[in-house]
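Welcome! Open your viewer, keep the selection tool handy, and follow along one stop at a time.

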Amino acid sequence: MSQFRRGEELTLTLDSFAFEGKSIARHDGLVVFIQGGVPGDDVRVKLTKIKKQFLEAEVVEVLKKSPLRVEPRCRYFGICGGCKWQHVDYQAQLEFKRQHVVDAFERIGGFKDIAVNPAIGSENIYFYRNKMEFSFGEKWLPKDEFETRILHSETVPAFALGMHPAGLYQKVLDLEECYLQSEESVRIVNAVRRFCIERQLSIYSTFTHTGYLRNLVIRQSASTNELMVNIVTSDDNPVLISSLCSLLLEEIPSITTIINNITQRKNLVAIGDCEKVYHGHGYITEMIGKRKYRVSANSFFQTNTKQAGRLYDVAKRMAGLKSEDVVFDLYSGTGTIALHIADDVKEVVGVENVETAVDDAKRNAVANGVKNCTFVLGDLKDRLTKDAAWLTNHSLPDVMIIDPPRAGMHEKVVSEVMAMKPERIVYVSCNPTTQARDIKLMANAYRITEVQPVDMFPHTYHIENVVRLERL
Ligand SMILES: C[S@@+](CC[C@H](N)C(=O)[O-])C[C@H]1O[C@@H](n2cnc3c(N)ncnc32)[C@H](O)[C@@H]1O
């Protein structure tokens with residue numbers, strides 16, 4: 001039997017942040033994971049989970065504030081799931097993120113004493129996102145406001161447009177300010193909400209699969225300032241969307257394109273099966289370095305444009321490219337890394353499993369006048385084999401740049417990469433834990449020569465990490 005009880009209160013000093021942004025403290029030889037708080041705080045916490053190896057708790061009161069605390073800028077901080085670290089000094093955020101990389105490489109990869117460079121911070125720590133996805137849904141209210149309304153028999157307002165509160169995907173926080181994208185983006189959200197309430201439009205429910213409004217997606221180019229509004233609905237209603245367009249263009253004339261994506265899918269993905277363009281060309285143009293990219297409503301594009309340029313510059317420098325090099329860009333998406341390095345090498349071959357991304361990559365190469373990039377469609381697990389037919393047209397790579405999704409690389413892909421024996425590998429990852437796991441599998445043939453974290457998402461615990469590997 002544990003000596004602790006759920007609901008019991010303890011006084012602790014917070015030591016550090018754990019994976020996924022919770023705080024850590026130690027008590028009676030046990031690790032305590034705490035929701036909320038900042039390392040350096042003295043806090044009173046309430047235990048929420050008792051396990052043999054660890055405890056979980058939430059902060060009840062901050063008794064002494066950590067010197068790393070700053071005043072959060074947003075009034076929704078602490079409720080909204082968007083920016084969990086807005087109360088932490090930005091330099092401290094960068095150091096915690098660097099430490100997260102060190103810990104992942106030590107604990108998961110088994111790499112002791114590797115040097116990890118200081119994380120490269122984002123030039124903009126507010127208004128850095130080029131894409132925001134807002135939800136329509138049932139309005140979230142603080143508990144006391146909700147209870148007071150019920151007590152006074154007032155109806156609880158049902159309609160909201162904004163972000164989900166942290167961990168509560170059934171409810172929506174009615175956002176009237178947000179520092180992630182731009183001031184125009186907030187004005188669009190407020191105008192769309194007003195229009196939908198006036199017209200008494202219904203919200204799509206994932207329980208009953210009825211209702212009309214699903215998502216509002218806003219994309220804004222950081223380089224050309226083009227501004228896209230994409231309303232995702234479950235049905236086609238051209239008269240209604242046309243009047244919404246007139247209202248939006250009158251109130252926010254800087255909008256360059258308006259689209260309606262229509263889908264009856266039963267999941268919550270904000271992608272339409274049919275797309276109707278109501279205003280402008282239906283896409284925005286974004287630039288990274290000297291390359292231009294056409295970004296349509298449903299294509300993948302790095303969300304922090306300026307920092308994406310820095311990330312790609314880091315990858316390019318670490319790759320140590322020579323004009324005669326053949327480079328494979330694995331998990332190539334819309335070809336942004338391939339096109340970023342194309343002028344410095346003989347040839348780049350990208351491999352990617354989403355057909356529209358491969359189509360975009362080919363179109364981006366043509367639009368930028370790049371002739372030495374080829375893009376291959378397919379799952380790397382099946383396509384990356386030494387005897388693959390597509391390889392007959394290319395030499396084996398001198399360098400590989402690998403940028404997988406959060407889950408990392410399939411073991412079979414790791415083996416094939418090693419079998420192809422590139423001299424250098426640059427592994428870019430948005431998840432240092434799976435990255436450390438994959439690199440451990442390569443440790444008998446490759447050694448780590450540089451580790452560079454790059455912060456793409458200020459005020460969150462996420463970190464992008466670039467590792468350079470050299471063949472032994
Ligand atoms: C993190 S993104 C990187 C995209 C690109 N390098 C960039 O910077 O925009 C990962 C990409 O891997 C693709 N992908 C995921 N699993 C894959 C697989 N098994 N085979 C090939 N591509 C895959 C995804 O579609 C996505 O475009």
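## Stop 1: a glycine in a loop

Select G21, which sits in the loop between β2 (16–17) and β3 (23–27). Helices (H or I, at least four residues) and strands (E, at least two) are DSSP runs, numbered from the N terminus. Residue numbers start from 1 along each chain as its sequence is written. Keep in mind that this is a predicted model: local features need pLDDT of at least 70, side-chain atom pairs count only at pLDDT 80 or more, and totals for chains, interfaces and linings use all residues.

Is G21 buried or partly exposed? G21 is partly exposed, because 15 other C-beta atoms lie within 10 Å. With C-beta atoms placed from the backbone, a residue is buried if 20 or more other C-beta atoms lie within 10 Å of its own, exposed if 12 or fewer, and partly exposed in between.

Now add K84, W85 and Y461 to your selection: leaving aside neighbours within four places in sequence, these are in contact with G21. Two residues are in contact if their C-beta atoms, placed from the backbone, lie within 7 Å. For a long view, select D382 as well: G21 and D382 are 361 residues apart in sequence and 36 Å apart in space, C-alpha to C-alpha.

## Stop 2: the start of β1

Next, select E9, found in strand β1 (residues 9–13). E9 counts as exposed because it has 11 C-beta neighbours inside 10 Å. Leaving aside neighbours within four places in sequence, the contacts of E9 are R44, V45, K46 and V60. Then pick I24: from E9 it is 15 residues away in sequence and 16 Å away in space, C-alpha to C-alpha.

## Stop 3: helices α1 and α10

Select F96, which belongs to helix α1. F96 is buried, because it has 20 C-beta neighbours inside 10 Å. The C-alpha atoms of F96 and S23 are separated by 11 Å, although these positions lie 73 residues apart along the chain count.Now colour α10 (residues 432–441), where P432, Q435, A436, D438 and I439 are buried. Look down the axis of α10: its buried residues fall within an arc of 165°, so they line one face of the helix. The arc is that of the directions from the helix axis to the C-beta atoms. Here is a handy rule: an α-helix has 3.6 residues a turn, so residues three or four places apart point the same way.

What covers the buried residues of α10? The cover includes α1 (90–108), α9 (411–419), β20 (424–429), β21 (446–454) and β22 (464–471).

Show α1 and α10 together: they pack at an angle of about 35°, with their axes 9 Å apart. Axes are lines fitted to C-alpha atoms, for helices over the stretch in contact, and angles run from 0 to 180 degrees between N-to-C directions. To see the contact, select H100, V101, A104, F105 and I108 of α1 with P432, T433, A436 and R437 of α10. By class, this contact of α1 with α10 has six nonpolar, two polar and one charged residues. Ala, Val, Leu, Ile, Met, Phe, Trp, Tyr, Cys and Pro count as nonpolar, Asp, Glu, Lys and Arg as charged, and the others, Gly among them, as polar.

## Stop 4: helices α3 and α4

Select α3 (residues 183–198) and α4 (residues 238–251), which pack at an angle of about 145°, with their axes 10 Å apart. Their contact is made by R187, I188, A191 and F195 of α3 and L244, L247, L248 and E251 of α4. By class, the contact of α3 with α4 has six nonpolar, no polar and two charged residues.

## Stop 5: two positive phi angles

Zoom to D113, in the loop between α1 and β7 (131–139). D113 is not a glycine, yet its phi is positive, about 55°. D113 is exposed, because 7 other C-beta atoms lie within 10 Å.

Then go to N225, in the loop between β10 (213–220) and β11 (227–233). N225 also has a positive phi, of about 65°, although it is not a glycine. N225 is partly exposed, because 13 other C-beta atoms lie within 10 Å.

## Stop 6: around the ligand

Turn to the ligand. Which of the 18 residues around the ligand come nearest? Select Y331, G333, N353, L380 and D403 to see them. A residue is near a molecule or strand if its C-beta atom, placed from the backbone, lies within 6 Å of it. Next, colour α6 (336–341), β17 (347–352) and α8 (380–383), each of which supplies at least two residues of the shell around the ligand. By class, that shell has nine nonpolar, five polar and four charged residues.

## Stop 7: a buried aspartate

Finish at D360, in helix α7 (residues 355–367). D360 is buried, because 24 other C-beta atoms lie within 10 Å. Leaving aside neighbours within four places in sequence, D360 is in contact with S299 and T334. D360 and T334 are 26 residues apart in sequence and 5.4 Å apart in space, C-alpha to C-alpha.
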